[in-house]
Amino acid sequence: MEKFFTPKEANEILPEVKTIVKEILSQAHEMRTFMALTDALPQHQDKLIQLDQSIKILMAQLEEMGCYYKDWSFEVGLVDFPAIIHGQRALLCWRSDEPIVEWFHGYEEGYTGRRKVTPELIFS
């Protein structure tokens, strides 16, 4: 059963989400560093597998909380929180460089369709 977050609920779990996303980005950076060592790649295969598995575990932790990691470039750290905004199914959208969850977009619009949540929804 899908959990729907209010903006307030998403912001309440944001400190834990931030910690997980920071670790995902750190491990992805480490993975890219190892992959750049193309001549040493066979030597680092076990480490790459370990990092990949660790990232998947961290993403699963977010999913257990009810939200989803969406930055497949592993550059910014993007998380979506299912929500009902203005009576419609939507996704609250947070980037790791933002202090709070205050943006949303529809399921079909994606990140490029982000709109700001009204202040009364964020804090109520």
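Helices (H or I, at least four residues) and strands (E, at least two) are DSSP runs, numbered from the N terminus. This is a predicted model, in which local features need pLDDT of at least 70 and side-chain atom pairs count only at pLDDT 80 or more, while totals for chains, interfaces and linings use all residues. Residues are numbered from 1 along each chain as its sequence is written, and side-chain values use heavy atoms, with hydrogens and water left out.

**Figure 1. A lysine and an aspartate pair along helix 2.** Welcome to the first close-up, where Lys-56 and Asp-52 both sit in helix 2, four residues apart, about one turn of the helix. The two form a salt bridge (a side-chain nitrogen of Lys or Arg within 4 Å of a carboxyl oxygen of Asp or Glu), and their closest N and O atoms are 3.0 Å apart. Lys-56 is exposed because its relative accessible area is 52%, whereas Asp-52, at 30%, counts as partly exposed. For these labels, buried means under 20% relative accessible area, exposed over 50%, and partly exposed in between (1.4 Å probe, protein chains only). By the salt-bridge rule above, the count comes to seven.

**Figure 2. Arg-89 reaches the segment before helix 1.** Here Arg-89 forms a salt bridge with Glu-2, with 3.0 Å between the closest N and O atoms. Arg-89 lies in strand 3 and Glu-2 in the segment before helix 1, so this pair ties together parts that are 87 residues apart in sequence. Arg-89 has 45% relative accessibility and therefore counts as partly exposed. Glu-2 is also partly exposed, with a relative accessible area of 29%.

**Figure 3. A buried salt bridge links two loops.** The side chains of Arg-114 and Glu-98 meet in a salt bridge, at 2.5 Å from N to O. Arg-114 belongs to the loop between strand 4 (103-105) and strand 5, and Glu-98 to the loop between strand 3 and strand 4, so the pair ties together parts 16 residues apart in sequence. Arg-114 counts as buried at 15% relative accessibility, and Glu-98 counts as buried at 11%.

**Figure 4. Five strands form an open sheet.** The strands follow the order 1-2-3-4-5, and their pairing is antiparallel. Strand 1 (68-69) and strand 5 (115-116) stand at the edges with a single partner strand each, so one side of each has no neighbour in the sheet. Two strands pair if DSSP finds at least two bridges between them; strand 1 and strand 2 pair in the antiparallel sense over two bridges. Look for Tyr-69, which stands opposite Val-79 in strand 2.

**Figure 5. Helices and strands share a nonpolar core.** A nonpolar core is a set of buried Ala, Val, Leu, Ile, Met, Phe, Trp, Tyr and Cys residues joined through side-chain atoms within 4.5 Å. The largest one has 27 residues, of which Val-17, Ile-24, Leu-62, Tyr-69, Val-79, Phe-81 and Leu-92 touch the most other members. Helix 1 (7-36), helix 2 (45-65), strand 2 (78-85) and strand 3 (88-95) each supply at least two residues of this core. Helix 1 gives the most, with eight residues. Val-79 is a handy residue to centre on: leaving aside its neighbours within four places in sequence, its contacts (heavy atoms within 4.5 Å) are Val-17, Val-21, Leu-62, Cys-67, Tyr-68, Tyr-69, Leu-92, Cys-93 and Trp-94. In soluble globular proteins, nonpolar side chains tend to be buried together.

**Figure 6. Three nonpolar side chains make a surface patch.** Phe-4, Ile-84 and Tyr-107 make a nonpolar patch of about 260 Å². Patches are made of residues with over 30% relative accessible area and no salt bridge; like charges are joined within 9 Å, and nonpolar side chains (Val, Leu, Ile, Met, Phe, Trp, Tyr) within 5 Å. Accessible areas come from the Shrake-Rupley method with a 1.4 Å probe, and for residues only the protein chains shown count as cover. Phe-4 lies in the segment before helix 1 and counts as partly exposed at 31% relative accessibility.

**Figure 7. Zooming out to the protein chain.** To place the close-ups, note that the chain has three helices and five strands, running α-α-β-β-β-β-β-α from the N terminus on. Its C-alpha atoms fill a box of roughly 55 × 25 × 25 Å, taken along the principal axes. Of its 124 residues, 41% count as buried. The accessible surface comes to about 7,500 Å², of which 56% belongs to carbon and sulfur atoms.
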